[in-house]
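Colleague: I've got a few "why do you call it that" questions about this one. Can we go through the labels one at a time?

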Amino acid sequence: MIIKKFRAATETEAIMQAKEELGKDAIVMNIKKFEPRGLHKLFKKPSVEITAAVDDSESYDDLDKSDRIVSEVQKLKEQEANAARHNAQNAQATQAKREANKDIILDESIDDKKKETEIEERLNNLQKLLEKQIIEKEKEKADDEEKSEEKGVQENSKKIACMQLIYNQMIDNEVDEKYANQLINEVEKNLNKDASVDTVLSGVYQKIVLKLGQPDTIKTEEGEPKFIFFIGPTGVGKTTTIAKIASSLNLKKKQKVALITSDTYRIAAVEQLRTYAGILGVPLKVVYNADEMKASYSEFESSDIVLIDTAGGSHNNEERQTDIAELIKAIPKEQRKVYLVLSTTTKYKDLIKITEKYSQISDYNLIFTKLDETSCIGNIYNIHMLTNAPLSYATWGQNVPDDIGRIDAQRIAKQLLGGND
Ligand SMILES: Nc1nc2c(ncn2[C@@H]2O[C@H](COP(=O)(O)OP(=O)(O)O)[C@@H](O)[C@H]2O)c(=O)[nH]1
Ligand SMILES: [Mg+2]
């Protein structure tokens with residue numbers, strides 16, 4: 001992994017520098033704004049420093065690099081021009097910008113911001129704790145062996161102590177030992193012997209962010225899959241999540257949404273979705289088999305997006321699994337996308353079994369629900385690493401449509417390293 005800082009007058013310029021040097025896959029890890037204060041205002045201009053990283057295992061082709069830079073620059077210029085235009089219109093501007101983005105972007109609630117600050121604080125506390133413990137350890141050592149301990153060995157033990165603490169934090173958050181070790185080993189390889197606590201911590205943090213990747217959510221552009229299946233065990237929150245996404249697409253993005261349910265095993269399940277369809281004023285179709293599913297492909301031609309609820313059942317229910325596979329196959333591959341809905345409250349062992357079962361049905365992206373009911377989110381990392389499936393949404397409550405958002409890799413990384421106290 002390559003991590004580098006870039007400083008420029010504007011964020012866009014700094015990002016351009018990063019993309020030019022590291023390639024288009026570079027991820028912005030951190031943005032720091034420098035506003036000169038007091039007398040400095042007279043002499044210095046504000047500037048922006050970004051920290052960008054790229055996984056060097058993912059090489060990029062130099063030949064089409066310049067093409068990509070040109071289009072990146074173009075894109076950034078367009079974005080900047082847009083932003084300037086929109087700025088004048090203030091409140092409406094934010095909305096308009098969101099509209100321009102073809103992904104669903106769901107508002108972060110104030111609660112979220114509070115959570116974010118709490119996480120920042122915890123991360124700072126962790127860093128202080130690490131530094132304190134290491135200073136204490138060094139003091140002990142110095143007392144013990146005044147003689148001629150080689151500096152290199154001391155520095156090395158400092159790094160090891162730091163790694164150990166970070167490892168423990170991850171285990172506390174229920175990250176699988178296997179993946180915690182992998183992270184530590186990969187970061188350790190790239191570090192100098194005398195790396196500071198700060199460097200070690202941010203190394204692990206950045207590695208986690210890179211591994212989690214960007215969320216792959218529903219797109220509404222022309223040519224993107226229109227039929228979106230939600231699969232997963234009963235009770236994880238499939239129907240509720242569909243309602244949240246449907247209302248966001250319908251109300252905020254003015255998309256023509258249609259709902260389908262094949263969960264005909266329980267009357268209440270159909271009624272639950274019918275209620276949401278009624279509130280949103282969108283059509284609901286109940287399908288009993290693959291043929292009816294196939295028919296809805298042309299039936300919903302005029303809809304922008306079709307969200308499909310399925311029956312959960314226990315993950316041991318082979319029959320229902322086959323049914324779902326048939327339903328999914330009724331829609332052409334390039335027109336469908338599948339989301340596996342999992343609850344963060346489910347035990348890791350069970351999650352492994354569930355993901356294995358559903359892997360036999362289809363490829364999927366991952367949605368994690370009920371983040372409000374657990375303080376350990378290691379399973380999000382574990383299951384992403386295990387399945388290699390892209391992450392997408394997270395939900396944190398029963399409120400429709402508010403308690404949902406894209407999975408934020410940076411927040412998860414902070415939480416995994418920040419403990420839960
Ligand atoms: N605490 C919490 N409860 C949720 C969340 N999402 C759904 N639920 C609740 O979980 C229960 C099952 O949800 P439902 O959507 O019917 O699950 P389904 O069987 O997978 O369709 C309901 O009581 C929901 O209100 C969430 O993010 N947090
Ligand atoms: Mg349901």
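**Around the ligand**

Modeller: Sure, and bear in mind that this is a predicted model. Ligand 1 is surrounded by 16 residues, and the closest of them are Gly 235, Thr 239, Thr 240, Asp 372 and Thr 395.

Colleague: What makes the backbone of Gly 235 a polar contact of ligand 1?

Modeller: The cut-off for a pair of N or O atoms is 3.5 Å. A backbone N or O atom of Gly 235 sits 2.7 Å from an oxygen atom of the ligand, so the pair is within the limit of 3.5 Å. Val 236 also passes, with a backbone N or O atom 3.3 Å from a ligand oxygen. For Gly 237, a polar backbone atom is 3.0 Å from an oxygen atom of ligand 1. On its own the ligand has 580 Å² of accessible area, and the protein covers 83% of that.

Colleague: Which element gives the largest share of the shell around ligand 1?

Modeller: Helix H9, residues 238-252, with three residues. By class, the shell has nine polar, four charged and three nonpolar residues.

**Buried or not**

Colleague: Why is Lys 285 called buried?

Modeller: Buried means under 20% relative accessible area. Lys 285 has 15%, so the label buried applies. This lysine is in strand E6, residues 284-286. Beyond its sequence neighbours up to four places away, Lys 285 touches Leu 259, Ile 260, Thr 261, Glu 292, Ala 295, Ser 296, Glu 299 and Phe 300.

Colleague: And why does Ser 362 count as buried?

Modeller: Its relative accessibility is 13%, which is under 20%, so Ser 362 is buried. Ser 362 lies in the loop between helix H13 (348-359) and strand E9 (365-369). Leaving aside neighbours within four places in sequence, Ser 362 is in contact with Ile 328 and Val 338.

Colleague: Why is Asp 304 called partly exposed?

Modeller: Partly exposed runs between the 20% and 50% cut-offs. Asp 304 has 35% relative accessibility, so partly exposed is the label. This aspartate is in the loop between helix H11 (290-299) and strand E7 (305-309). Outside the four-place window in sequence, Asp 304 is in contact with Lys 226, Lys 254, Gln 255 and Lys 256.

Colleague: How do you know that Asp 304 and Lys 256 make a polar contact?

Modeller: A polar side-chain atom of Asp 304 lies 2.6 Å from the backbone nitrogen of Lys 256, so the pair is within 3.5 Å. As for Val 257, its C-alpha is 6.0 Å from that of Asp 304, although the two are 47 residues apart in sequence.

**Cores and the whole chain**

Colleague: Which residues have the most contacts inside the largest nonpolar core?

Modeller: Ile 166, Met 170, Ile 208, Phe 229, Met 293, Leu 366 and Leu 417, in a core of 69 residues. Helix H8 (residues 197-212) gives the most to this core, nine residues. Another core lies apart from it, with 21 residues, including Ile 228, Ile 245, Ala 277 and Val 341. In soluble globular proteins, nonpolar side chains tend to be buried together.

Colleague: What does Leu 366 touch?

Modeller: Not counting residues up to four places away, its contacts include Leu 340, Leu 342, Ile 383, Pro 390 and Tyr 393.

Colleague: And how many of the 421 residues are buried, as a percentage?

Modeller: Buried residues make up 46%. The protein has 15 helices and 11 strands. Of the contacts between residues at least 6 apart in sequence, 76% join residues at least 24 apart.

Note on methods: Residues numbered from 1 in each chain as written. Chains lettered and ligands numbered in written order. Predicted model: local features only at pLDDT ≥ 70, side-chain atom pairs only at ≥ 80, totals over all residues. Heavy atoms only, no water. Near = heavy atom within 4 Å. Polar contact = N/O pair within 3.5 Å; in protein donor to acceptor, adjacent residues only side chain to side chain. Areas by Shrake-Rupley, 256 points an atom, 1.4 Å probe, with all protein chains shown as cover. Helix = DSSP H or I, 4+ residues; strand = E, 2+ residues; numbered from the N terminus. Nonpolar A, V, L, I, M, F, W, Y, C, P; charged D, E, K, R; others polar. Buried < 20%, exposed > 50% of the residue type's maximum accessible area, 1.4 Å probe, protein only. Contact = heavy atoms within 4.5 Å. Core = buried A, V, L, I, M, F, W, Y, C linked by side-chain atoms within 4.5 Å.
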